[in-house]
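Let us learn to read a protein model together. Please look over the sequence and the structure before we start.

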Amino acid sequence: MSDRDHTQINYVFAATALSVGMSLGVLLSHLLWRIDYMHVGSGSDNEANGVALKGVAIGLSEQTQATLDVSAFRDRIYTYDALDSVLDASNRMGRLFDKIPDDAFPLAVGLIEDIETRMAKRRAVEVLFTRWSETEPVAAMDAADAIENRMSREMAQRVVLSVWLKADFAGAREYISRSPDDKGRERLLRHAIAILGDDSPDQAVALVMTSTDPVMKSRRLPKLGNAWGRIDPEAALSWANEQLNEPDMRSQFVADVVHGWALERPVEALQYVRAQTEKDSDHSQELLVEVLRGWASEDPASAVHYILKFDTKEEQLTLMHAIAETLSSAETDAILSWTGAFEGQQREAVLAQLIEYKIAEDPAAAAMLARQLPEGDLQAIVFADITTAWAVRDASGASEWLRSLSPSPARDSAIIDFAKNTIAVEPGLALDRAMSISDPQRQTETLTALLESWLLRSPKDAEKWIADHSWDLQR
């Protein structure tokens with residue numbers, strides 16, 4: 001049989017492979033080349049790690065042939081799969097698939113499933129479909145869609161789209177829109193949106209709007225709006241006004257755009273928001289908060305400095321409260337500096353709110369801030385909250401903080417909360433701290449309740465503690 005006949009028959013089998021799920025065409029092609037191989041002399045290819053390839057005719061060694069020797073190619077796959085190093089196997093598999101002739105791409109797809117090493121299989125898919133999509137993206141995507149293994153299929157689809165979308169966005173979008181399978185179309189949309197999201201959010205948004213899945217829109221648009229706001233907020237806002245007819249969706253998208261805008265150019269974003277005040281004061285106030293929150297997450301000092309330029313203390317205080325959760329992550333010295341711009345109850349209110357948010361992440365820092373509150377009901381509430389949260393994480397640390405406080409009703413209340421929260425796990429520590437309550441009546445009531453609880457759970461330990469502290473208890 002002539003070389004030309006070999007080539008023509010091989011392409012027939014390759015086409016058959018695509019039409020019937022690869023298996024039959026690949027099998028027939030394998031048989032043909034296996035027969036032909038019987039007439040070919042054997043050879044060897046010594047690898048760097050000493051693993052010797054079987055004595056086969058390798059059609060892709062140094063010079064790429066116009067056809068693919070399936071049998072030899074498969075033997076090379078098996079050899080690489082047997083390597084001890086997964087990384088080495090993956091690198092060699094990538095080079096192997098990089099040598100495949102362009103006209104043999106369809107035949108090579110059927111050989112991917114022969115690869116057992118997962119990383120090597122991913123590498124083969126990446127190399128093969130990257131090359132194919134650069135010249136024939138439609139054929140490459142059709143072949144990717146026909147792969148039976150889900151992981152390999154989706155990997156191939158993402159690879160093709162990553163090349164195709166950048167080279168010909170309109171063509172890729174048209175292909176996706178014409179997909180007859182609803183689930184398949186939505187899957188391609190998800191891949192495409194993920195690929196475009198960071199660098200080309202405008203194109204990603206255009207694809208999102210073609211989806212029939214409302215959940216996809218609600219999940220994807222916020223992130224894309226934020227990304228678009230970082231790159232080109234004016235275009236994003238213009239698109240929202242023209243394309244989003246549903247008021248709530250448009251308002252949310254605009255807020256996401258402005259938030260992203262504020263992360264990159266906060267002053268411009270704030271100027272835009274302030275300009276909207278006369279048109280819609282309520283909405284502009286929401287946008288202003290979004291801008292300041294985004295700015296504060298990157299540069300809290302600058303955000304607060306801007307807030308303090310507002311005309312009235314009431315406006316300043318309102319905005320400080322609105323972004324307090326974001327500001328609470330700042331250092332204690334910075335927080336004290338910011339709250340120092342207010343006086344009296346205004347200062348106490350904003351400081352207390354910042355402390356409340358800070359308790360969850362850093363109760364010790366919150367405790368330092370709480371010392372700045374004057375004695376009174378507010379201080380007592382804050383002390384109690386700090387103690388409760390801190391005792392769960394570090395009972396010893398909370399106990400030391402309580403011990404360092406000057407005697408006061410707020411301190412007594414915090415000690416009582418601490419003792420109640422720790423008596424079950426640290427009874428000795430709870431009772432020792434309760435002994436320091438300054439109010440005699442509250443001390444007696446607390447100690448009695450704690451000891452009764454401990455005696456019910458562990459009478460021997462409780463009785464021993466009472467005996468060791470009998471003199472202190474009698475005073």
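Below, a learner asks and a teacher answers, one feature at a time.

Q: What kind of model is this, and how are its residues numbered?
A: This is a predicted model, in which local features need pLDDT of at least 70, side-chain atom pairs count only at pLDDT 80 or more, and totals for chains, interfaces and linings use all residues. Residues are numbered from 1 along each chain as its sequence is written, and side-chain values use heavy atoms, with hydrogens and water left out.

Q: How many salt bridges are there?
A: Start with the rule. A salt bridge is a side-chain nitrogen of Lys or Arg within 4 Å of a carboxyl oxygen of Asp or Glu. By this rule there are 15 salt bridges.

Q: Which residue forms a salt bridge with Asp88?
A: Arg92 does. The closest N and O atoms of Asp88 and Arg92 are 2.9 Å apart. Now place the pair on its helix. Helices (H or I, at least four residues) and strands (E, at least two) are DSSP runs, numbered from the N terminus. Asp88 and Arg92 sit in helix H4 (residues 86-98), four residues apart, so about one helical turn separates them.

Q: Are Asp88 and Arg92 buried or exposed?
A: Use the relative accessible area. Buried means under 20%, exposed means over 50%, and partly exposed lies in between (1.4 Å probe, protein chains only). Asp88 has 21%, so Asp88 is partly exposed. Arg92 has 8%, so Arg92 is buried.

Q: Where do Asp182 and Arg185 lie?
A: Both are in helix H10 (residues 182-196), three residues apart, about one turn of the helix. They form a salt bridge, with the closest N and O atoms 2.6 Å apart. Asp182 is partly exposed at 47% relative accessibility. Arg185 is buried at 14%.

Q: What is the exposure of Arg178 and Glu174?
A: Arg178 is exposed, at 64% relative accessibility. Glu174 is partly exposed, at 36%. These two also form a salt bridge, and their closest N and O atoms are 2.5 Å apart.

Q: Which residues does Ala172 contact, beyond its neighbours within four places in sequence?
A: Contact means heavy atoms within 4.5 Å. Leaving those neighbours aside, Ala172 is in contact with Trp164 and Leu165. Ala172 lies in helix H9 (residues 169-177). Its relative accessibility is 0%, so Ala172 counts as buried.

Q: Which residues of helix H24 are buried?
A: In helix H24 (residues 395-404), the buried residues include Ala395, Trp401 and Leu402. The buried residues of H24 pack against helices H22 (363-370), H23 (377-393), H25 (409-422) and H26 (427-434).
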